[in-house]
Amino acid sequence: MTPEDHWASLPPDADAPADHREVGVGPWPGGPDAWPDDPRYDPELLAGGDRRNVVDRYRYWSVKAIRADLASRAHPLQVAIENVSQDLNIGSIVRSANAFNVSGVHIVGRRRWNRRGAMVTDRYLDVRHHPSPAELLTWAVAEGYEPVAIDNGPGSTPLESAALPERCLMIFGSEGQGISEELIVGCSRLHRIGQYGSTRSINVAAAAAVAMHAWIRQHGGPAPD
């Protein structure tokens with residue numbers, strides 16, 4: 001029985017309260033003698049079940065195997081976060097980066113952050129730290145990435161009509177401080193997300209998800225699901 005068949009065989013739990021629904025699948029049916037002969041599968045998960053928040057195709061896979069598979073088809077999009085003081089925003093951006101399978105996330109400035117908001121997704125992608133904007137820009141040049149700032153500051157142009165580079169490093173700042181002048185100067189362009197209400201800016205984690213999806217629409221192709 002494949003993981004997909006096992007998933008489909010489970011009884012529906014649609015009427016259970018959201019905080020009481022079981023996520024994932026239980027132990028592989030049939031015991032150890034029925035386990036698949038595939039090194040990507042984790043014996044502990046096969047024995048105890050897989051309750052992680054992963055898509056069905058990765059049920060029972062080890063973290064190492066999932067990370068390797070994602071890396072093999074990761075998009076040439078990277079994301080950088082500067083001056084973001086709210087840990088949950090950093091975690092939410094990391095989670096969105098995983099959802100769109102970007103090839104890396106860069107945190108500029110403070111190294112420590114609360115990973116709870118990432119919902120464990122930081123285990124599946126490359127998250128790097130840069131103490132200064134200069135170090136991030138040096139990395140981008142060396143790796144052939146075009147830095148693109150996403151902010152609604154002076155001189156910004158609409159993201160909706162922009163042709164984004166394929167090897168793109170999207171840079172985001174906090175809602176209060178924004179992106180530092182040093183990073184803005186090092187970016188090839190500055191784009192803003194169109195807004196229609198009274199607020200001056202939208203949450204940075206929401207802005208990052210919108211901007212990443214704009215890149216995906218241009219370069220990502222059909223989603224595997």
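This text goes through the nonpolar cores of a predicted model and then its salt bridges.

The largest nonpolar core has 32 residues. Within this core, the residues with the most contacts are Ile93, Val102, Met170, Phe172 and Met212. Both strands and helices contribute to the core. Strand 1 (75–82), strand 2 (102–108), strand 4 (146–150) and strand 6 (168–173) each give two or more residues, as do helix 4 (87–99) and helix 7 (204–219). Of these elements, helix 7 gives the most, with nine residues.

Met212 can serve as an entry point to this core. With its neighbours within four places in sequence left aside, Met212 is in contact with Leu77, Val79, Ile93, Ser96, Ala97, Phe100, Val102 and Met170. Ile93, Val102 and Met170, which are among these partners, also belong to the group with the most contacts inside the core. A second core, separate from the one just described, consists of 14 residues, including Leu136, Ala140, Cys187 and Leu190.

The charged side chains form another set of contacts. The structure holds nine salt bridges, and three of them are taken up here.

The side chains of Arg128 and Asp126 form a salt bridge with an N to O distance of 2.8 Å. Arg128 is partly exposed, at 37% relative accessibility, and Asp126 is likewise partly exposed, at 26%.

Salt bridges with shared partners also link Asp50, Arg52, Asp56 and Arg59 into one network. Inside this network, the side chains of Asp56 and Arg59 meet at 3.9 Å, N to O. This distance falls within the 4 Å limit, so the pair counts as a salt bridge. Which of the two partners is buried, and which is partly exposed? Arg59 is buried, because its relative accessible area of 3% is under 20%. Asp56, with a relative accessible area of 26%, is partly exposed.

The side chains of Arg115 and Asp122 meet in a further salt bridge, at 3.3 Å from N to O. Here the acidic partner is the buried one: Asp122 has 17% relative accessibility, whereas Arg115 is partly exposed, with a relative accessible area of 43%. Asp122 counts as buried because 17% is under the 20% cut-off.

Taken together, the Asp56 and Arg59 pair joins a partly exposed aspartate to a buried arginine, while the Arg115 and Asp122 pair joins a partly exposed arginine to a buried aspartate. In the Arg128 and Asp126 pair, the arginine and the aspartate are both partly exposed.

Note on methods: Residues are numbered from 1 along each chain as its sequence is written. This is a predicted model: local features need pLDDT of at least 70, side-chain atom pairs count only at pLDDT 80 or more; totals for chains, interfaces and linings use all residues. Side-chain values use heavy atoms; hydrogens and water are left out. Buried means under 20% relative accessible area, exposed over 50%, partly exposed in between (1.4 Å probe, protein chains only). A nonpolar core is a set of buried Ala, Val, Leu, Ile, Met, Phe, Trp, Tyr and Cys residues joined through side-chain atoms within 4.5 Å. Helices (H or I, at least four residues) and strands (E, at least two) are DSSP runs, numbered from the N terminus. Contact means heavy atoms within 4.5 Å.
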